[in-house]
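Dear colleague,

I am handing over the structure we spoke about, and I would be glad if you could open it alongside this message. My notes come after it.

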Amino acid sequence: MKFDLGSLPARIGKSLQRLFGSANQRVLAGYQPMIRATNALAEWTKGLSREQVKSAVAELRQQVQSGQKTLDDVMPQMFALTREAASRTLGIRHFDVQLLGGAVLHHGKIAEMSTGEGKTLVATLPAALNALSGKGVYVVTVNDYLAKRDRDWMAPVFEYLGLTVGAIQSSMPPQSRQSEYACDITYGTNNEFGFDYLRDNMKWRSDDQVQKRLNFAIVDEVDSILIDEARTPLIISGEGEGTTERFLLADRIARQLKVDEHFEVKLKEHQCVLNEVGIERAEKLVGVDSFYSNPAYMEWPHLLETALRAHHIYEKDKHYVVAQKKGPDGQEEPPEVVIVDEFTGRLMPGRRWSDGLHQSVEAKEGLPPREENRTLATITLQNYFRMFAKLGGMTGTAMTEAAEFARIYGLDVVAIPSNRPMQRKDHNDQVYLDGKSKLDAIVAEIKEQHQRGRPVLLGTTSIAKSESISDALKAAGIPHNVLNAKQHEREAEIVMQAGRRGAVTVATNMAGRGTDIVLGGKASALWRTECKQRGLAEDGEEAKALLAQLEAQCRAEHDAILALGGLCVIGTERHEARRIDNQLRGRCGRQGDPGETKFFLSFDDDLMRIFARDWVKTMMEKMGLKAGEVIDSPMVTRGLAKAQKKVEQRNFDIRKNLIEYDEVMDKQRKFVYAQRQEALESVGLREKVLGMFEEVLDPVVKRCSANQDEPIDFAELRKWLQHRCGDELDLQGFEQVERAQLFDWVMERVEKLHDARGVAYGEHWTPILRYLVIDTIDHKWKDHLYAMEVLKNGIGLRGYAQIDPKNEYKKEGFEKFQMLKHEVADHVTGFVYKQEATDTIRDLLTGRLRQAPAAPPPPPRMPTQEELQGLFQRLLAEGRIPQQVLDRMGQGAQFQMRITPDGQQIQLVEVAPPPESAAPAASPGQPPASPADVGAGGGPGAGGAMGSDSAAPPASTPPAPAAPSAAAPPPARRLAPAMPMPAPRPAAKAPPKLPPGAPKPGRNDVCPCGSGIKYKKCCAPAFD
């Protein structure tokens, strides 16, 4: 007999596990004393009145905040009080396994609890316990509905304990958020918490900030938030720059390129790659000789490949939907492209793909592309949640990602046993040859279960597939509900009643996250709906009788469905991640109920097409597998699980790569935000500004005095100091200072100047410094974010030179950050000791510079005929008049000359001549008239009218033509196509002189010189 040495370690491991228990079992055993202590206090809590409960909680709060006891010391008492409060207010008492889950969350770990085990109730235990510290607790959910529902549902428990609870909603104005964050416990979504953090670091007053400290967060559906959504950073953007016409042109060209002939589609990488033939074809369509001969054309390959991705990879109703919502006035707003979360199937309004992809999808759908915005602040969810002092999470599926939670967040996963034994039956995957056979089998299975009266939940991977299955069920005459992102408002209602007798629910991956499927239906929800439809008061006798009737009906249905085997869950396709499949399976088998799950697959599914070779399907056909026949084999299931593991590893590498890049920005962000916060709170402003002066002075002193063999360049240093500080800096005896004491000597006098200005400005000096530092940090940080984004987009090309892009990104990111700090210091010190600049800031802060209403822009001056004549002659000499225009003029056509007020765009627009001015057309082949000839019957001239595309409409009729010239016409010639004229450089202008006694305009007021732009960007001498 041959002994298998390879299996020896596994056998030894299993034996040791049976002997000592698994690591998870040992962790759970460590919490048993706490559970026994909590249970021992049950009789004590039952004897307390409501006021005594509040008094006990207040006493525990005082002991924790004074440092007499720790949260761990008072955990049994607080858990016992919370359990009693839930029992009295909700009629629900925490199970021992829920106490176990609460303890795991309190210690900053992830509790994996099966669906239906009451995770929402579990969160009340650590939330109430940690609220005693007075530092705030955030309970994080996946959407606004769950945040509000959970707050409203659990509020009676917290209020019974004397604690306050609030909820953040995406539509909530800033002033309303203050009171919600001031509560002991705050519910909200991950996005809202993250965006509020970014907004806080853009506020101008510390009193306006809402997140005072990041103490403890309990993340519901932690795998969805910290894993699935971790690849998408949160970004606050401002107005962008540039034009979107290039996306429209790229879309038109992409439609003319052919798959395999001009480009290759890579589904796994979500990429479309142009080949040499495709590049040559695209160059001809764009109208250039080469994309790489001119820097202006180098973005075209990227634009075209992005447009191809929009057409061939991103599918409507799968990756996105085109939605049209109603505005506040009830009117429908223009349609927009809304991303669909690939993991949950939920709509993600407000999110946009980056790098031009969103604009390409908009062009594909015939919508006007929106301009790309400029990033003002950004953070990843990974780095935001890692800033909390303590973080806990709960979900039904976390063990498959335990390694990632440990490596990135330092979170351990603890599997909490279910309250009752699991009775769910999971079948092997049913594999069919093609999609049609699979669909027929699914419909047949649903029909059979529906006829028996058994509830069925059908899980799909996309909106389009859920709707196609819905159409097949309609054709088969099976009544059903469809739950996808298009019906997200009815999600809770549909999922709550998906367990009723004979119910069939078709859902995407979003199905029921946060909402239980109760077998037989939820009587209270049915009762409220029925009361609303009948117009019954909920406290009336008829309503109470209806509730009793519905409760009896739901109990009867519950027993009947249990006899049928419980909820039947059918999966139409395997997802890329095993967690998503496990979530769908977890919809049944709640609280020990029976259930059954079965997945139907085909070789046409996305996962099979990506990871199963083409020859697999061919081999199956040769082996005799026919349409309609099924493969039921554990081997196939194991093979798919291996493919899913590969995808999970790839996705983990993507997230790990993202966080490695973002760690550079994270350190910079924390430093900048910390400096900004100190300035906002006026902490150490004097030292901060003087430190900035030292930073910019040091290299100047070294440059002027570092060379020991040469005398100190006092003239250069004096010139620099006078430029920075004006004549107020006392430099008496400057030339007699020794080389070694020069830096300290100058800084000593700068400090005296700083203090003297503080005395002169009095109470206004600190606000002036605060304003100057914060304003500079905000502007320089925005530019730095853009520079880092550009660096990140191009750093990957360094890999072709055998250089590690990550190390290069870290090195160059550090260099850019050093430049950022120097630029901030240079800008602040350039203004802080200039009298006119600080006077302007003081007047702005004290309100002396009032915002005046913007004056209407002056009407554009109409040019004279001589100016038009000269302009046209110059255009003609430069070859910028199209040949077709000259030909039309030679045939008697009349043209208007249109020019924008800034002179950036000039157009010749043909107009119909007045009937009385008709002139005989030139004979065919006749060359155009001289540029001096003006008129309807002659050639081009200055007879066109000057109009404006923005400030004034073009003239309705051109002026009367001038007499034709007798000069000989020039020979006919072909001219280059017309192109926009470059904008003329504005001449330097002196600051405007204000009338005597007139107030100085504010920095953001319209400049009185008439330019139409802000004073600070035009003539403000203090900010030149």
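Below is what was found, taken region by region. Please keep in mind throughout that this is a predicted model, and that the values quoted are computed from it.

I begin with strand β13, which spans residues 390–395. Five of its six residues are buried, so the strand is largely enclosed by the rest of the structure. On the question of what pairs with β13, strand β1, made up of residues 110–112, runs parallel to β13 and is joined to it by three bridges. Strand β5, covering residues 216–220, also pairs with β13 in the parallel sense, here over five bridges. Gly393 is a useful residue to centre the view on, since in β13 it is the bridge partner of Ile110 and also the bridge partner of Val219.

From there I would turn to Asp150, which sits in helix α10, a helix running from residue 144 to residue 160. With a relative accessibility of 3%, Asp150 falls under the 20% cut-off and therefore counts as buried. What does the side chain of Asp150 make a polar contact with? The partner is the side chain of Arg149, at 2.8 Å. If neighbours within four places in sequence are set aside, the residues in contact with Asp150 are Thr120, Thr141, Tyr187 and Asp220; of these, Asp220 belongs to the residue range given above for strand β5 (residues 216–220).

The next site is Thr45, in helix α4, which comprises residues 42–46. Its relative accessible area is 2%, so Thr45 is likewise classed as buried. Once residues up to four places away in sequence are left out, Thr45 touches Ala80, Leu81, Glu84 and Arg88. For Ala80, which lies 35 residues from Thr45 along the chain, the separation between the two C-alpha atoms is 6.8 Å.

Lastly, a word on the cysteines, in case you were wondering how many disulfides a search of the whole structure finds. The answer is zero. Two of the cysteines may still be worth a look for their surroundings: Cys531 is buried, having a relative accessible area of 2%, and Cys725 is buried as well, with a value of 1%.

If you go through the model in this order, you will pass from the pairing of β13 with β1 and β5, by way of Asp150 in helix α10, to Thr45 in helix α4.

With best wishes

Note on methods. Residues are numbered from 1 along each chain as its sequence is written. This is a predicted model: local features need pLDDT of at least 70, side-chain atom pairs count only at pLDDT 80 or more; totals for chains, interfaces and linings use all residues. Side-chain values use heavy atoms; hydrogens and water are left out. Helices (H or I, at least four residues) and strands (E, at least two) are DSSP runs, numbered from the N terminus. Buried means under 20% relative accessible area, exposed over 50%, partly exposed in between (1.4 Å probe, protein chains only). Contact means heavy atoms within 4.5 Å. A polar contact is a pair of N or O atoms within 3.5 Å; within protein, one must be able to donate a hydrogen and the other to accept it, and residues adjacent in sequence count only if both atoms are side-chain atoms. Two strands pair if DSSP finds at least two bridges between them. A disulfide is a pair of cysteine sulfur atoms within 2.5 Å.
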